[in-house]
Amino acid sequence: MTKSPAPRAVVVGGGVAGLLAAAVLAEYADVTLVERDTLPEGPEPRRGLPQARHAHVVGDGGVTALDALLPGIVDELAAAGARLTGVPEDCVVRGPGAVWLPRQAPHLSTARSTARSPARRGLLCSRDLLDATLRDRVLALPRVVLRQHTVAVGLAGDTGRVGGVRVRPARGGRTEAVEDEAAGELLPADLVLDASGRSSRAPDWLADLGLAPVREREVDAGVCYATRVFRAPGATAEHGFPLVHVQADPARPPGRGGIILPVEDGRWLVSLYGTEGGEPSGDEDAFVPFARALDDPLLGRLLTDAEPLTGVFTTHSTANRRRYYEQPSRRPEGFAVLGDAVAGFNPVYGHGVTVAAQSALALREVLRGHGPAAPGTARRIQRAVAGPVAAAWDLAAGQDAGYPGAGQPTTVLGRLLTGQVRRAVATGARDPRALAVLLDVLALSAPATRLFSRELLLPLVLGRARQQPSAEPPLTEAERKTVGGLTAS
């Protein structure tokens with residue numbers, strides 16, 4: 001009896017979403033991973049991912065999903081220098097409304113929390129290290145083949161089914177001509193997944209097949225980012241200095257904020273951001289003064305004696321943009337879209353990696369019940385990934401819609417959620433149980449409906465504050481000493 005050939009899958013895009021999708025697909029199919037760039041050998045920047053230079057925090061929902069997809073990957077990252085921190089105990093955060101959040105909150109889940117394994121976790125490292133560690137793990141899988149320096153130029157198929165993707169060698173730029181796409185090399189596939197990020201051409205590809213346009217929505221607060229890497233000052237590298245974040249306040253435009261992210265090799269990755277009228281610049285001499293001019297000067301004070309290791313990198317493409325591929329019923333078999341190609345978020349919310357990992361988990365659940373070539377599999381995938389996308393979208397777009405000119409107003413549900421987040425911040429600054437609920441929702445480890453649970457509503461409605469919010473950053477005395485005797489002023 002002749003053995004049936006193994007299913008074939010093509011994943012377009014070698015970023016986090018594409019790598020995780022390839023890892024899942026490799027359990028069921030032979031996978032070709034198509035990537036426009038030539039990928040670096042180690043934890044180094046790559047041309048097609050300029051946003052990777054800015055601060056990325058993987059919250060608890062993302063950490064859990066990564067370890068479920070690639071068991072042991074978080075330990076590998078920690079061994080390479082990443083930090084698995086407790087939240088909120090290892091975070092100094094000034095939320096919207098000018099309140100410092102406490103660093104203690106009860107863990108409402110039944111999971112045990114220890115100093116070695118906190119119940120609510122955050123993964124701190126450079127995006128370069130995260131990507132390199134994922135690449136090493138996924139590209140070592142025997143059923144995954146990488147085609148780098150290769151650009152996908154179109155889908156092969158019709159309105160009923162996609163049977164592959166056409167590719168050609170990249171020509172050195174991200175806007176190379178794609179005329180006569182039929183001349184490209186055909187990579188046949190039972191399933192094609194587009195994970196090519198914000199620059200995805202999937203809407204054009206579907207239009208070329210004769211399909212209706214994909215509905216899109218954009219909420220753009222006009223945020224600009226400026227990032228610089230510093231050597232961690234004093235003894236902070238050895239003593240595990242906390243993440244520090246002074247958040248922007250949509251109620252007081254222009255919104256300006258900044259984050260100090262302790263990463264591997266004794267470095268601080270510092271990202272400053274601001275909306276229109278309050279943007280940071282690429283001027284190196286203006287970087288620390290901008291930090292000092294935030295609503296609270298803590299970041300600027302911490303950077304006063306820090307040694308810069310790089311120049312300043314800026315990014316202006318930070319809009320929240322979502323494409324609703326799951327809505328129309330008329331979509332071809334054999335094609336689905338994942339990651340930032342479905343929805344890209346303002347990086348300040350730290351949702352991109354988490355949504356990519358949770359979407360890969362959703363992909364795995366679909367494939368466990370339906371093979372890559374089964375009728376309806378692509379539609380099931382698209383509907384499944386809409387879940388984690390919607391959860392992050394409601395939070396990110398809802399907050400950014402509060403800035404003048406950000407875009408379309410949110411839905412009634414979105415406005416309700418946005419108001420509840422703001423109330424939860426104010427309540428969480430006083431009540432640890434309310435803070436725990438807020439943190440779980442923001443980390444995408446709990447649904448947004450938790451914001452309307454008893455743990456939050458009781459202290460919010462009854463006003464039973466367990467403590468007064470701190471007027472000073474909640475740094476410990478030991479932490480102040482590690483940066484040269486920082487005083488509480």
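This is a short tour of the model, stop by stop, with something to select each time.

**Before you start.** You're looking at a predicted model, where local features need pLDDT of at least 70, side-chain atom pairs count only at pLDDT 80 or more, and totals for chains, interfaces and linings use all residues. Residues are numbered from 1 along each chain as its sequence is written, and side-chain values use heavy atoms, with hydrogens and water left out.

**Stop 1: the whole protein.** Show everything as a cartoon. The protein has 13 helices and 22 strands; these are DSSP runs numbered from the N terminus, with helices being H or I of at least four residues and strands E of at least two. Of its 489 residues, 54% count as buried (buried is under 20% relative accessible area, exposed over 50%, partly exposed in between, with a 1.4 Å probe and protein chains only). Now switch on the surface: about 20,100 Å² is accessible, and 52% of that belongs to carbon and sulfur atoms (areas come from the Shrake-Rupley method with a 1.4 Å probe, and for residues only the protein chains shown count as cover).

**Stop 2: strand β14.** Select residues 224–231. Is this strand enclosed or open? It's largely enclosed by the rest of the structure, because 7 of its 8 residues are buried. Next, add its partners (two strands pair if DSSP finds at least two bridges between them):

- β17, residues 267–274, pairs with β14 in the antiparallel sense over 8 bridges; look for R228 facing its bridge partner V270.
- β19, residues 313–315, is antiparallel to β14 over 3 bridges, and T227 has F313 as its bridge partner there.
- β18, residues 307–308, is also antiparallel to β14, over 2 bridges, with P308 as the bridge partner of F230.

**Stop 3: T64.** Select residues 60–69 to light up helix α2, then pick out T64 within it. T64 counts as partly exposed because its relative accessibility is 41%. Add R120: it sits 56 residues from T64 along the chain, and their C-alpha atoms are separated by 9.8 Å.

**Stop 4: a nonpolar patch.** Go back to the surface and select L413, L416, F452, L457, L458, V461 and L462. Together they form a nonpolar patch with about 600 Å² of accessible area. Which elements give two or more residues to the patch? They are α10 (412–428) and α12 (454–462), and α12 supplies the largest share, 4 residues. Finish on L457, which lies in helix α12 and counts as partly exposed, since its relative accessibility is 30%.

How values were computed:
Patches are made of residues with over 30% relative accessible area and no salt bridge: like charges are joined within 9 Å, nonpolar side chains (Val, Leu, Ile, Met, Phe, Trp, Tyr) within 5 Å. A salt bridge is a side-chain nitrogen of Lys or Arg within 4 Å of a carboxyl oxygen of Asp or Glu.
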